[in-house]
Amino acid sequence: MTRTLLIAGAVFVALLQKSIFWWIIESRASILRDGEELTLKTVPVDPRDLLRGRYVTLNFEISTLDRTLFNLPDMDDEDNVPVDVYLTLVDEGAGSVLPLAVHFKPQEPEGEGVYQLAGKLRRSFTKKELLRFKNLPITYGIERFYVPEEDALDIEEQYRDDKIPVDVVLAVNDKGASQLKRLMINGNQAYTEPLY
């Protein structure tokens with residue numbers, strides 16, 4: 001009886017692990033497959049530090065936002081504001097986006113070309129601390145694009161020396177979750193992220 005229970009338990013644990021692994025892969029793939037496309041221009045902070053290993057480090061115009069865009073929740077000055085944020089923005093085409101507002105709870109984007117992008121403040125702030133800053137840094141989980149190692153140096157040289165623009169195409173779902181879909185170099189598709 002105990003041997004049967006051990007086998008049944010081991011099978012259950014294996015199926016549970018497989019299900020969790022499948023769920024992680026499928027949640028990413030569903031955004032790539034079904035999400036709306038949004039193109040963002042990258043902004044190099046230090047082009048000589050663009051690559052680390054086998055991925056391209058990306059920075060965006062929306063990686064730092066003016067504090068006046070933040071709709072602060074009603075709270076005491078000493079309370080910590082949530083680190084999860086939701087940027088509402090308008091796609092102006094050709095990789096240009098206009099940030100409209102940053103909320104601390106998901107919003108329903110209204111209008112043509114209006115998107116919500118989920119992100120996180122790079123660190124925790126009290127409301128009082130946050131009000132002292134003019135600009136606030138946000139990450140969106142799309143700051144790395146993995147490329148084949150043999151192509152990494154070519155991208156770095158083009159970006160740094162030739163000042164060729166590098167844009168990314170995102171897939172964004174209705175909850176604001178995003179995945180990198182394509183890397184564009186000088187307006188041409190360079191890499192596409194596979195679904196699986």
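Select A171 and Q179 to start: Q179, in β11, is the bridge partner of A171. The model is predicted, so read each stop on this tour as a feature of a computed structure. Widen the selection to β10, residues 166-172, and β11; these two strands pair in the antiparallel sense over 7 bridges.

**The sheet around β10 and β11**

Next, add β1 and β12. The four strands form an open sheet in the order β1-β10-β11-β12, with antiparallel pairing. At the edges stand β1 (36-41) and β12 (188-192); each has a single partner strand, so one side of each is left without a neighbour in the sheet. Look along the sheet to see the turn from strand to strand: neighbouring strands are turned by 35° against each other on average, direction ignored. Strands of a sheet pair through backbone hydrogen bonds, either parallel or antiparallel, and showing the backbone is enough for this stop.

**The largest pocket**

Keep Q179 selected and add Y140, G141, I142 and S178. Together these five lie nearest the centre of the largest pocket, which is lined by 20 residues. The pocket holds about 420 Å³ of space. Which elements give two or more residues to its lining? They are α1 (2-34), β5, β7, β9 (144-146) and β11 (178-185). Colour the lining by residue class: 9 of the residues are nonpolar, 6 polar and 5 charged.

**β5 and its two partners**

From the lining, move to β5. This strand is joined to β7 by 7 bridges, and the two run antiparallel. To find a place on this pairing, select D84, whose bridge partner in β7 is K120. Then turn to β6, which is likewise antiparallel to β5 and joined to it by 7 bridges. Here L89 is a good residue to select, with P99 in β6 as its bridge partner. Follow β5 to the hairpin it makes with β6: there are 2 residues between the strands, and A94 takes a positive phi near 55°.

**Aromatic pairs**

Now show the aromatic side chains. How many aromatic pairs are there? The count comes to 2. For one of them, select F70 and F104: the pair is tilted, at 6.2 Å centre to centre with 45° between the planes. These residues are 34 apart in the chain, F70 in the loop between β4 (64-66) and β5 (84-93), F104 in the loop between β6 (96-103) and β7 (114-121), and the pair links distant parts of the chain. Are these two rings on buried or exposed residues? F70 has a relative accessible area of 7%, under the 20% cut-off, and is therefore buried. F104, at 10% relative accessibility, also counts as buried.

Then select F125 and F133. Their ring centres are 5.3 Å apart and their planes stand at 70°, so the pair is edge-to-face; the cut-off for that class is over 60 degrees. F125 is buried, with a relative accessible area of 2%, whereas F133 counts as partly exposed at 35% relative accessibility.

**The whole chain**

Finally, clear the selection and zoom out. The secondary structure comes to 3 helices and 12 strands. Along its principal axes the C-alpha trace spans about 65 × 50 × 35 Å. Colour by accessibility as a last step: of the 196 residues in the protein, 36% are buried.

Terms used:
Residues numbered from 1 in each chain as written. Predicted model: local features only at pLDDT ≥ 70, side-chain atom pairs only at ≥ 80, totals over all residues. Heavy atoms only, no water. Phe/Tyr/Trp six-rings, centres within 6.5 Å; stacked < 30°, edge-to-face > 60°. Buried < 20%, exposed > 50% of the residue type's maximum accessible area, 1.4 Å probe, protein only. Pairing = 2+ DSSP bridges. 1 Å grid on protein atoms, 1.4 Å probe; cavity = no way out; pocket = protein on both sides within 12 Å on 5 of 7 lines; lining within 4 Å. Points joined across faces, edges and corners; volume = space filled by probe spheres on them. Nonpolar A, V, L, I, M, F, W, Y, C, P; charged D, E, K, R; others polar. Axes fitted to C-alpha atoms, helices over the stretch in contact; angles between N-to-C directions.
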